[in-house]
Amino acid sequence: MTQLFKSVAKPLAMAGLAVAMGLTSVVAQAQSTEIKISHQWKANVDGRDRAARLFVREVEKADPSIKFRIYPAQSLGIKPVAQLDALQNGTLEMSIFPMSYAVGKAKEFSATILPGTVPNLDFAMGLKKTGYYKQLQDLSQKHGFRIITWWWTPGGFATKDQPVAGPDSVKGQKLRAADPTFESMLKAAGASVTAMASTEIYSGLQSGVLSGTLTSAETFVSMRLYEQTKHATVGGDSALWMLLQPMVMSNQAWNKLTPKQKKIFEEAADKADAFFLTVQREATTKMADLYRNSGGTSREMSKQEFDAWVALARKTAYPDYAALSPTAKGLMDELLKAAAKK
């Protein structure tokens, strides 16, 4: 009888072990997370894609249960501006998102590109320690997503016919500006403006819809805009155009992370920020070199020209923006307060 019990018990124990192992495997699979990251730039070329891949490596190294899939160059089939809808409805977990694209949902997001308010990269990175960062994070989460990285991209002008200097130099130009605040300022200077995503700039220049554009130095290079323009105004310590283009995450996806995983994301973001800052310090130099090497010209905006643009913005873009809402005024006040301490 004892022998019979042993002969029956052993297979039962083995079967129970197999079931337990199977359940463990199912639980492990259930706990494994795959996160999609969508963006509009070339893989392994554009600094935004490269920084995203560094972020992914850091997170996966710290927590192998989290897996990412990056979809560069709109390969997920979501247009750049529509990424925000996908983040809000939970069909997309993460995106590298130019914050000016969110102005269709909330005009207050123009605080991430207000002309002349973020004059250089050191100033931009310092904003993370101010009330501006907290207010912007609150605004973002109110609209369904969280800012994960703090990626600022310096940029400038490039035109077909004549270089941009002060406001008088854009009269009669057909420009893409990337944001309503820039558009109001450029219109006051005598330019006509067309709104479009950066993926459409090349064809806009090629077709003659545009005679010039404002965008990031990174985009000028990775999207080869120097092929369709000749004169660049970029670089220097007084950037008229500076845009926050961070990696963002839907609230739904962020809230599914454990406290430990959230800390891993924040630490990975710090490393990605440091890498991206180094890349952006080189971006304007690389853009200027490309224009010169391709037979064009490149110049820096002088302090006098920059001051003339800011004086125009104070009459147009700034009051227009501040009048939007108390939130807009609060964000602009924080920017100007940070500038006063500089």
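## Strand β5 and its partners

Two strands pair if DSSP finds at least two bridges between them. With that in hand, look at strand β5 in this predicted model. Strand β5 covers residues 152–159. Three bridges join it to strand β10, residues 242–244. Three bridges meet the cut-off of at least two, so β5 and β10 count as a pair. The two strands run antiparallel. Within this pairing, Thr-153 stands opposite Leu-243 of β10.

Strand β8, residues 212–216, is joined to β5 by five bridges. This pairing is antiparallel too. Here Gly-155 has Ser-216 as its bridge partner in β8. Strand β9, residues 231–233, also pairs with β5. Three bridges link β5 and β9, again in the antiparallel sense. Ala-158 stands opposite Ala-232 in β9.

Is β5 mostly covered or mostly open? It is mostly covered: eight of its eight residues are buried.

## Two cavities

How many cavities of 30 Å³ or more does the structure hold? There are two. The largest has a volume of about 90 Å³. Its lining is made of 13 residues. Those nearest its centre are Gly-155, Gly-156, Thr-233, Leu-240 and Met-301. Strand β5 gives the most to this lining, with three residues. Sorted by class, the lining of the largest cavity has seven nonpolar residues, five polar ones and one charged one.

The second largest cavity holds about 70 Å³ of space. It is lined by 14 residues, and the closest to its centre are Arg-176, Ser-198, Thr-215, Leu-243 and Gln-245. Leu-243 is the residue of β10 that stands opposite Thr-153. The lining of the second largest cavity divides into six nonpolar, six polar and two charged residues.

## Helix α2

Helix α2 runs over residues 47–62, which makes 16 residues. How far should it span at 1.5 Å a residue? The expected value is 22 Å. The end C-alpha atoms of α2 are 23 Å apart, so the two values agree.

Which residues of α2 are buried? They are Gly-47, Arg-48, Asp-49, Ala-51, Ala-52, Leu-54, Phe-55, Val-56, Glu-58 and Val-59. Here is a general point to keep in mind when reading such a list. An α-helix has 3.6 residues a turn, so residues three or four places apart point the same way.

## Gln-83, a buried residue

Gln-83 sits in helix α3, residues 83–89. Is Gln-83 buried or exposed? Its relative accessible area is 1%. Buried means under 20%, so Gln-83 is buried.

Which residues does Gln-83 contact, leaving aside its neighbours within four places in sequence? They are Ser-38, His-39, Ile-78, Leu-92, Ser-95, Ile-96 and Phe-97.

## Lys-174, a partly exposed residue

Lys-174 belongs to strand β6, residues 174–176. Its relative accessible area is 36%. That value lies between 20% and 50%, so Lys-174 is partly exposed.

Lys-174 and Val-193 are 19 residues apart along the chain. What separates their C-alpha atoms in space? The separation is 5.7 Å. Again leaving aside neighbours within four places in sequence, Lys-174 is in contact with Ser-192, Gly-208, Val-209, Leu-210, Ser-211 and Gly-212. Gly-212 lies in strand β8, residues 212–216.

Methods
Residues are numbered from 1 along each chain as its sequence is written. This is a predicted model: local features need pLDDT of at least 70, side-chain atom pairs count only at pLDDT 80 or more; totals for chains, interfaces and linings use all residues. Side-chain values use heavy atoms; hydrogens and water are left out. Helices (H or I, at least four residues) and strands (E, at least two) are DSSP runs, numbered from the N terminus. Buried means under 20% relative accessible area, exposed over 50%, partly exposed in between (1.4 Å probe, protein chains only). Contact means heavy atoms within 4.5 Å. The expected span of a helix is 1.5 Å times one less than its number of residues. On a 1 Å grid over the protein atoms alone, a cavity is a set of points where a 1.4 Å probe fits but cannot get out, and a pocket is an open set with protein on both sides within 12 Å along at least five of seven lines; lining residues have an atom within 4 Å of a point. Grid points are joined across faces, edges and corners, and a volume is the space filled by probe spheres set on the points. Ala, Val, Leu, Ile, Met, Phe, Trp, Tyr, Cys and Pro count as nonpolar, Asp, Glu, Lys and Arg as charged, and the others, Gly among them, as polar.
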